[in-house]
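Hi everyone, thanks for making time this morning. I'd like to walk you through one model, so please have the viewer open as we go.

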Amino acid sequence: MIRLDDVTKVYKRGARPALDSVSVEIERGDFVFLVGSSGSGKSTFLKLILREERPTGGDVYVAGRHLNKLSAWRVPHLRREIGAVFQDFRLLPNKTVYQNVAFALQVIGKSKHHIQATVPEMLELVGLSGKERRMPHELSGGEQQRVAIARAFVNHPPILLCDEPTGNLDPGTSVGIMRLLDRINRTGTTVLMATHDDEIVDQMRKRVIELRGGQLVRDQDRGVYGLERV
Amino acid sequence: MRLRFILGEVVNGLRRNGTMALSVVLVTFVSLMFVGAAALTQMQIDQLKDDWYGKVEISIFLCPENSTNEQCAEGAATPEQEAAIRAVLEEGALSDLVDTVYYESREEAYDKFVANDSEGIWSSLTPDQMQPSFRVKLADPEQFEVVADATEGLPGVDVVRDQREIFSELFRFLNAATVVAAALAGVMLIAAMLLITTTIRLSALSRRRETQIMRMVGSSRSLIQMPFMLEGAVAATGGALLAVGGLYFGVTYLVEDWLKGSVTWVRYIGTADVWTVAPWLLVVAVGLAAVASVVTLGRYTRA
């Protein structure tokens, strides 16, 4: 589903590479944690998959596409196959919960009929039935993140990228979000989650990929956050 | 769905950036008004040329007796010289340019003169004091110079006059007015373009959240950019429509109601000509917005 072949990314000529000869393969349906401290290359890793950046060296394959050769006008089609969730939720503050989720379908040209059928279903999946008409500021952080997940997943993409989805949430709320992501993973969706949250990683016992200084230092099935942590 | 979405975004954007949009409308209005005025002035000039040049003729005055002109040192033009001049006009290389040649004798010139002199101021003149001339009508009035050059040096020719000279000053004035209007239009158009650019940029910045999400979920670039482009285009088109309206009222009140009533011997442009100019003003407005969009949007809504 996602494959990086000897990928190097250098932002500025002569600078230390943000990613240094990284090779990883993530299969369809995998649940993978991407861990590492700030500046370890996690964000670059995700940006390469979303093709917000192009690799300096090596090849990136996502959902059957060779991203090095993907022309700019096809990038939107790639992005429709990748749902993305962020630490800061990125909801539209002037739209209701329902409208926020519907927006993701509207702007890729789905019919009104399709939207009306899909959005309530998705809100039910993330546990927000009955809160369709709330505005984002009326929701708790955990609920806001659920809206963001509903928006990312409403088009049923085969890949879900999560960049520190629990970074702004308290531990109890985070557990709920992780359960939701696990449920989504069980529908066959590949989930790649970048995180700092060691407790979550340790609890979930999923595959862990660790980056340090741009290099892949660990790729472990059923791993924990980090052996050397204090 | 898509169309409704785009239109909704356009309306929202225009409302949110109301004052900016209004300024775009006004600036394009004024600039296109100048463009239109320049175009209409040129149309008026063309019309005047059509009307008047067809009527004007070249007068080749022949040497009278006792002329102080060097060329006429040998005295009055002889019949042979007159025949030679006529031959140059009617048979030589010039014959293509010349429509008709009419010989006006001293007596005819005198009769005409007297007929125009109702108050008898010139009653002491005699036919002998008049100058015979060839009155030449040209097939193409623009070719005046060629005919004048070819006949001016001929023996027996005193001076060559073109009635166009009477109008040329007026046309020069009108052309200068066109240049001034066009220059102002140019400056205003640049201002309009910069304003549209700024408006689009502001609009894009104020909707950065939306466009960011749209990129993230895989909206096509055209859907992301279309609302901004249309916003600029709608505002610019609004300006163009106002300009057309302005020109229409200008022509109606200034030309049709006023000039036509007071200076009647000229055929003027009318509101029909405004409709000829109108589509071009719209094209300029939309083109302006398009250029501004292309310049701006690449940077602010990249995929």
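Before we get to the strands, one definition: two strands count as paired if DSSP finds at least two bridges between them. And please keep in mind that what you are looking at is a predicted model.

Let's begin with the layout of chain B. The domain assignment splits chain B into domain 1, covering 2-52 + 168-300, and domain 2, covering 57-162. Between the C-alpha centres of these two domains of chain B there are 52 Å.

Now to the strands of chain B. β1(B) and β3(B) run antiparallel and are joined by 4 bridges. If you want a pair to click on, Ile58(B) has Val136(B) in β3(B) as its bridge partner. β3(B) also pairs with β2(B), again antiparallel, over 6 bridges. There, Thr100(B) is partnered with Lys137(B) of β3(B).

Next, please find helix α3 of chain B, residues 79-90. Does its length make sense? For 12 residues at 1.5 Å a residue we expect a span of 16 Å, and the end C-alpha atoms of α3 are 16 Å apart, so the two agree.

Which residues of α3(B) are buried? They are Ile85(B), Val88(B) and Leu89(B). Looking down the axis of α3(B), these buried residues fall within an arc of 95°, and therefore they line one face of the helix. Turn to the face pointing away from that buried side, and you'll meet the exposed residues Pro79(B), Glu80(B), Ala83(B) and Ala87(B).

What do the buried residues of α3(B) pack against? Their partners in chain B are the strands β1 (58-62), β2 (98-104), β3 (133-138) and β4 (157-162), together with helix α5 (144-152). So that brings us back to the three strands we just paired up: β1(B) with β3(B), and β2(B) with β3(B).

Let's move on to an annotated stretch. An unreviewed UniProt entry lists residues 184-295 of chain B as "domain: ABC3 transporter permease C-terminal". In the model, residues 184-295 of chain B are 89% helix and 0% strand, with 23 Å between the end C-alpha atoms.

Last stop, the contact between the chains. Chain B puts in 16 residues and chain A puts in 19 residues. On the chain B side, the elements giving two or more residues are α1 (2-16), α7 (208-217) and α8 (221-262). Of these, α7(B) supplies the largest share, 7 residues.

That's my tour, and I'm happy to take questions.

How values were computed
Residues numbered from 1 in each chain as written. Chains lettered and ligands numbered in written order. Predicted model: local features only at pLDDT ≥ 70, side-chain atom pairs only at ≥ 80, totals over all residues. UniProt positions renumbered as here; feature names shortened; annotations may be inferred. Expected span 1.5 Å × (residues − 1). Buried ≥ 20, exposed ≤ 12 C-beta atoms within 10 Å, placed from the backbone. Arc of directions from axis to C-beta. Contact = placed C-beta atoms within 7 Å. Domains from an automatic or database assignment.
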